[in-house]
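Trainee: I am new to this structure. Could you walk me through the reasoning behind the words people use for it?

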Amino acid sequence: MPAQEHVHKYRRIDIGRRRQYWVMQCSLPKCQHYVAMEHKEYAPALVGKIALCNRCNEPFELDKLALTKKFPTCKDCIDSPRQKEIKKASKFFEDLEKMLTGTDNQ
Ligand SMILES: [Zn+2]
Ligand SMILES: [Zn+2]
């Protein structure tokens, strides 16, 4: 299968020498694909394109908001308050378990 057949996973890098030259480049191994950006946080050519989320690895449609990120993520992963809550909750239960196991051992 040719390398281009995958869904690209973009990250923003500056490949300019003397001047800044921002591109969204595919971070997958062996892929040389990149798209030049109009502006550091603006790449209209990529809006509507499908890419892999840098957090959950699921394909999603790039939009202007996602393209302002160095590592674009899907809507579910963009500063999701629910994710934070889940993290907080699981940490709470972890600590609780540690505490309880600790007590059991004594
Ligand atoms: Zn790629
Ligand atoms: Zn995601």
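Mentor: Gladly! Let us start with a term: a nonpolar core is a set of buried Ala, Val, Leu, Ile, Met, Phe, Trp, Tyr and Cys residues joined through C-beta atoms within 7 Å. Keep in mind that this is a predicted model.

Trainee: What makes the 13 residues here a nonpolar core?

Mentor: Among the residues with the most contacts inside the largest core are Tyr10, Met24, Ala43 and Leu67. Tyr, Met, Ala and Leu are among the residue types that the term admits, so these four qualify by type. Strands β2 (22-26) and β4 each supply at least two residues of the core.

Trainee: How do you know that leucine 67 is in contact with Ala43?

Mentor: Two residues are in contact if their C-beta atoms lie within 7 Å. Leucine 67 meets that cut-off with Ala43, so the pair counts as a contact. Its other contacts beyond four places in sequence include Leu46, Leu62 and Pro72.

Trainee: Why are β1 and β2 said to pair?

Mentor: Pairing needs at least two bridges, and β1 and β2 have 5, so they pair, in the antiparallel sense. Within this pair, isoleucine 13 stands opposite valine 23 in β2.

Trainee: Why are β1 (10-14) and β3 (34-36) called edge strands?

Mentor: The open sheet has the order β1-β2-β3. β1 and β3 each pair on one side only, and that makes them edge strands.

Trainee: How confident is the predictor, and where is confidence lowest?

Mentor: The mean pLDDT is 88. Confidence is lowest in helix α1 (residues 81-105), at a mean of 80, and highest in strand β4 (residues 50-52), at 98.

Terms used
Residues are numbered from 1 along each chain as its sequence is written. Chains are lettered from A and ligands numbered from 1 in the order in which they are written. This is a predicted model: local features need pLDDT of at least 70, side-chain atom pairs count only at pLDDT 80 or more; totals for chains, interfaces and linings use all residues. pLDDT is the predictor's confidence in each residue, from 0 to 100. Helices (H or I, at least four residues) and strands (E, at least two) are DSSP runs, numbered from the N terminus. A residue is buried if 20 or more other C-beta atoms lie within 10 Å of its own, exposed if 12 or fewer, and partly exposed in between; C-beta atoms are placed from the backbone.
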